[in-house]
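Hi,

Here is the structure I said I would pass on. Have a look at it first, and my notes come right after.

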Amino acid sequence: MFPILFRLLLVSVLSNVDCAKLPEPEVKIEVLYKPFLCHRKSKYGDILLVHYEGYLESNGTLFHSSRQHGDQNPVWFTLGIREVIAGWDRGMQSMCAGERRKLTIPPALAYGKEGKGKIPPESTLIFHMEVLEIRNGPRSHESFQEMDLNDDWKLSKQEVKEYLRKEFERHGYAANDTHHEVMVEDIFQKEDEDQDGFISAREFTYKHDEL
Ligand SMILES: *[C@@H]1O[C@H](CO)[C@@H](O)[C@H](O)[C@H]1NC(C)=O
Ligand SMILES: *[C@@H]1O[C@H](CO)[C@@H](O)[C@H](O)[C@H]1NC(C)=O
Ligand SMILES: [Ca+2]
Ligand SMILES: [Ca+2]
């Protein structure tokens, strides 16, 4: 019902970056536009809001445009956790809000031997990406600090509830105390591993469960 919140709070996030040292296909990155002002650059674990167009390199067919297709809204994704094709994870690091890039992504970092929908097997893809917004990812140190209102390095139910309220409002939903309390209980069941009534920084950052 509220996918962004579940993504923010419940999705377990990257624990380790792919360390394989095999010679690997690479994403070709061309910067089309870089804003003069750049307060922060995207890094693994951040969530990014993007608009994009995807083309087949073979004949230039546009197979998807977030501006023209679906609900025409930009999309959020978490960088570096394989929520999207590997080519996006690799090609969208160190980007500024407002930056545009052209990514040329070999099949091994896209849809590979299988292809998908309109994308034939073994297709090299070209994406025009525009980053609209960059936020702290769900498991970042920054997110924890933002939630930990009294700086005691643990999250109380009240702090999590307050965070939910702010998130709901930010995404245009009416705050609803009853609903938030249900969600808080659910979150604590999953996250408060030692059941002391608080989510510690360690419990927040490292996930050992089955998610
Ligand atoms: C481009 O290639 C795709 C996949 O092979 C094919 O489905 C499509 O009809 C082609 N488009 C044009 C304009 O040739
Ligand atoms: C608040 O949430 C509860 C539980 O999810 C729901 O039953 C109730 O209808 C909601 N109230 C409002 C005003 O949306
Ligand atoms: Ca606290
Ligand atoms: Ca705990």
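Below is what I found, going from the calcium sites to the other ligand and then to a couple of backbone oddities.

One thing up front: this is a predicted model, so please read everything here in that light.

Let's start with the annotation. The unreviewed UniProt entry carries "domain: EF-hand" on residues 135-170 and 179-211. In the model, the span 135-170 is 58% helix and 8% strand, and its end C-alpha atoms are 13 Å apart.

Now the metals. The calcium ion (ligand 3) takes its donors from Asp148 (OD), Asn150 (OD1), Asp152 (OD), the O atom of Lys154, and Glu159, which is listed twice through OE. Those distances run from 2.2 to 2.5 Å. Along the chain, the donor residues of ligand 3 read D-x1-N-x1-D-x1-K-x4-E. Why does this site come out as irregular? Because the 6 donor atoms around the calcium ion (ligand 3) subtend angles of 53 to 156°.

The calcium ion (ligand 4) is held by Asp192 (OD), Asp194 (OD), Asp196 (OD), Phe198 (O) and Glu203, again with two OE entries, at 2.2 to 2.7 Å. Its donor spacing is D-x1-D-x1-D-x1-F-x4-E. The site of ligand 4 is irregular too, with angles of 50 to 155° among its 6 donor atoms.

On to ligand 1. Which residues surround it? They are Leu56, Asn59, Thr61 and Pro120. The protein covers 33% of the 360 Å² of accessible area that ligand 1 has on its own. By class, that shell has 2 nonpolar and 2 polar residues, with no charged ones. Two polar contacts are worth a click: a polar side-chain atom of Asn59 sits 2.4 Å from an oxygen atom of ligand 1, and an N or O atom in the Thr61 side chain is 3.4 Å from a nitrogen atom of ligand 1.

Last, the backbone. Two residues that are not glycines have a positive phi: Glu122, at about 60°, and Asp151, at about 55°. Glu122 is in the loop between strand 5 (100-105) and strand 6 (125-135). Asp151 belongs to the loop between helix 3 (141-147) and strand 7 (154-155); the ligand 3 donors Asn150 and Asp152 flank Asp151 in the numbering.

That's the lot from my side. Shout if you'd like to go through any of it together.

Cheers

Terms used. Residues are numbered from 1 along each chain as its sequence is written. Chains are lettered from A and ligands numbered from 1 in the order in which they are written. This is a predicted model: local features need pLDDT of at least 70, side-chain atom pairs count only at pLDDT 80 or more; totals for chains, interfaces and linings use all residues. Side-chain values use heavy atoms; hydrogens and water are left out. UniProt positions are given in the numbering used here, feature names are shortened, and annotations may be inferred rather than shown by experiment. Helices (H or I, at least four residues) and strands (E, at least two) are DSSP runs, numbered from the N terminus. A residue is near a molecule or strand if one of its heavy atoms lies within 4 Å of it. A polar contact is a pair of N or O atoms within 3.5 Å; within protein, one must be able to donate a hydrogen and the other to accept it, and residues adjacent in sequence count only if both atoms are side-chain atoms. Accessible areas come from the Shrake-Rupley method with a 1.4 Å probe; for residues, only the protein chains shown count as cover. Ala, Val, Leu, Ile, Met, Phe, Trp, Tyr, Cys and Pro count as nonpolar, Asp, Glu, Lys and Arg as charged, and the others, Gly among them, as polar. Donors are N, O and S atoms within 2.8 Å of the metal (3.2 Å for Na, K and Ca); water is not among the atoms, so sites may look incomplete. Four donors count as tetrahedral if all angles lie between 85 and 135 degrees; four count as square planar and six as octahedral if opposite donors are over 155 degrees apart and all others between 65 and 115; anything else is irregular.
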